[in-house]
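Me: I am new to this structure and would like a close look at a single part of it. Please take me through that part slowly, with every term explained as it comes up.

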Amino acid sequence: MLNFTLRRLNLLFFTLLMLSIVSFSLSYFFPGNVLVNLSGEVNADQQRTEQLVVLYNMDKSIFHQYTAYIGQIFSGNFGLSMSSQMPISYELKTFLPATIELCLSALFIALFFGVPLGFIAAIFHNKPLDKIILTFAMVGYSIPVFWFALILILVFSITLSWFPSSGQLNLLFEIEQVTGFKFIDILLSDSQYQAQALKDAFMHIVLPAIAVATAPMTIFIRLARTSMLDVLESNYIKAAKAKGLSQAHIIYHHGIRNSLVGIVRLIGLHFANLVTVAMIAEVIFNWQGAGSWLIESIFARDYTAIQGGLIALATFTFFINILADFLYAALNPLERHKQHGA
Amino acid sequence: MARENIYQEEEFPSPIKQLWYTFKNTPVAIIAFGCYLFLVFFSVFGSFITPHDIVENNLDKLLVPPAWNDDGDVSYLLGTDDLGRDMLSRLIHGTSLTFGLSFVVVFFALAIGGIIGSISAINRGIKASFLNHFLDVILSIPSLLLAIIIVAILGPGLGNVLWAIALVSIPQFVHVTRNAIKEEQKKGYVLIPILDGASETRVLITSIYPNIIDKVIIQATLAQSAAILDIAALGFLGLGAPIPMPEWGSMLANSLDLFYIAPWTSYLPGLAILFTVIVTNLVGEGLRHSLKIQKDR
């Protein structure tokens, strides 16, 4: 396990190193002054510019500039947003939790419905039910999220008016922002309408979470189906059958447990896809998250915000990746002794 | 098994032909392939067969519903948008933008990714290891995020979006080509040309490529469905095709305001995207299925 941990941490280190190099080089790729791109201080006067030159080592070689940049990132200074002149770290603190909240609830929905459906399809392999689930998976995988989100809004908010169409919480509730996670903030607040606020926040997250969850869910359906089919063909299942165990017993005790292990490994891999979908859904549902903030900052040519958003979203995806890897290694001892990563 | 026709030359079809023989026996896949060819036809000849010009405004016919509606007009089969432009013509023309360009993008990415993948498969040691780690990093960044960053560098516009999506699709082809070549190199038949004195490049081109092309093509169909969605998504976000162009994603974005009074302006482009992506995915899925059947034999 120690070897495995070191290997993963090495990968994480390398990944973050690459990411920081990419992010640093962006300030050279973006149009405009490099120093302004790095610091985001558009209106700096002569004196401030001199300070910034020293801060970012702009008078030294590019390697020194990079180390200075890394130093600034680690001290939490991502520069100022070019459009709002607020610190990027402050904006990230406001917007990133909303994205994490949306992504995690979508992941939960995708797993909660996707994996059992995949298992059902595998158990009824080549029967009508399998075909129906596979067709559903194909359509769900192909549907463009922005269009699906619009249809959800049309059906559930406009026609049926079951769920609100945009935002995270009704403005009537005055919830003080502490962590940025709406649900945690509501629980921390001492508002007398806590229960109603919770219910309202829940109603707001349903539609975006469904829109984001659909594509990953269909991936999980297929993963779970393949994984279960593989397990059901293996020798220990045959042994269990020969022992005379009932089909339900075999599926529950041997099938599900063994095939779940294989799925955990792939969750991390498909999380990047989920974050992508979430970015688009945020724009449509007017969800105040990092994705919609990033897309707005492209229109505003806010290069510091783009850099900060890239670092934040990519790091978030990496951490979920690594987390899934660890979970998989904890569940599957065979993986820990592999000398080379896949 | 005793051979009955000893005078007839025995035929060993190439892997791609074998794949086709299995593929054409799957009804769903062959229907999807027919639709795929239909889309290819539209994207090549689309601009010649449209009933109306794509930017022609007919101010007397604003927001005409599709012909099956009571208020519809049969000369505007799928209705018109808020500027009186014919939806059918725009959708047909959009095929070449959304579907046709995704084809070009994937072909480009396949060529570049295949070359890099082959080079990395031949090389060993630090170079290959560095490339591997680099690919891991690129593959774990959300593809659309990366495309958005590239568009931010290059500036919005359809051409830049295509570059961005091509760049983003390259790593998966590197990955697939590299792994497939590595797998083939372990097999026995590769040893024979090496013993004959063929160079590594020659072995790669004459012996290995014909045997991995099926895997690469399958990856290409998957990449194409992702590319269609990405082009449409960036168009929808307003970073891709400019407004008068009938790219399906930007058509959808334009129709957002009309969503309630003229729903056909938004559900038709959406259905077009959905249809195209499903067809592409079904072709890919059919190919993958055929490959699996062949392996099981």
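Reply: Let us take helix H5 of chain B, whose buried residues are Ser143(B), Leu144(B), Leu145(B), Leu146(B), Ala147(B), Ile148(B), Ile149(B), Val151(B) and Ala152(B). Here a residue is buried if 20 or more other C-beta atoms lie within 10 Å of its own, exposed if 12 or fewer, and partly exposed in between, with the C-beta atoms placed from the backbone. Helices (H or I, at least four residues) and strands (E, at least two) are DSSP runs, numbered from the N terminus.

Before going further, please keep in mind that this is a predicted model, in which local features need pLDDT of at least 70 and side-chain atom pairs count only at pLDDT 80 or more, while totals for chains, interfaces and linings use all residues. Residues are numbered from 1 along each chain as its sequence is written, and chains are lettered from A and ligands numbered from 1 in the order in which they are written.

Nine of the 12 residues of H5(B) are buried, so the helix is largely enclosed by the rest of the structure. The cover over these buried residues includes H11, helix H12 (290-299) and helix H13 (303-331) of chain A, together with helix H6 (158-185) and H8 of chain B. As for the length of H5(B), its 12 residues should span 16 Å at 1.5 Å a residue, and the end C-alpha atoms are 16 Å apart, which agrees; the expected span is 1.5 Å times one less than the number of residues. After H5(B) comes Gly155(B), which has a positive phi, near 95 degrees.

Within this helix, Ile148(B) deserves a pause, since Ile148(B) and Ala149(A) touch the most other members of the largest nonpolar core, which has 152 residues. A nonpolar core is a set of buried Ala, Val, Leu, Ile, Met, Phe, Trp, Tyr and Cys residues joined through C-beta atoms within 7 Å. Apart from neighbours within four places in sequence, Ile148(B) is in contact with Leu294(A), Ile295(A), Ile298(A) and Leu239(B), where two residues are in contact if their C-beta atoms, placed from the backbone, lie within 7 Å.

Three of those names lead to helix H12 of chain A, as Leu294(A), Ile295(A) and Ile298(A) are among its buried residues. Eight of the 10 residues of H12(A) are buried, so this helix too is largely enclosed by the rest of the structure. Its buried residues pack against helix H5 (88-123), H11 and H13 of chain A, together with H5 of chain B. Just after H12(A), a positive phi of about 50 degrees is found at Arg301(A).

Ile295(A) also points to Val283(A), a residue of helix H11 (residues 247-284) of chain A. Leaving aside neighbours within four places in sequence, Val283(A) is in contact with Ser292(A), Ile295(A) and Leu237(B). Val283(A) counts as buried because it has 21 C-beta neighbours inside 10 Å.

The wider meeting of the two chains gives this helix its setting. The contact takes 31 residues from chain B and 33 residues from chain A. On the side of chain B that touches chain A, the elements giving two or more residues are helix H4 (126-140), helix H5 (143-154), helix H8 (200-236) and helix H10 (264-296) of chain B. H10(B) supplies the largest share of that side, eight residues. By class, the side of chain B that touches chain A has 23 nonpolar, seven polar and one charged residues; Ala, Val, Leu, Ile, Met, Phe, Trp, Tyr, Cys and Pro count as nonpolar, Asp, Glu, Lys and Arg as charged, and the others, Gly among them, as polar.

Helix H10 of chain B also holds Thr280(B), which is buried, with 29 other C-beta atoms within 10 Å. Not counting residues up to four places away in sequence, Thr280(B) touches Tyr36(B), Thr221(B), Gln224(B), Ser225(B) and Ile228(B).

Finally, chain A, which supplies part of the cover over H5(B), has 14 helices and zero strands. Buried residues make up 38% of its 342 residues. The mean pLDDT of chain A is 85, and 98% of its residues reach 70 or more, pLDDT being the predictor's confidence in each residue, from 0 to 100.
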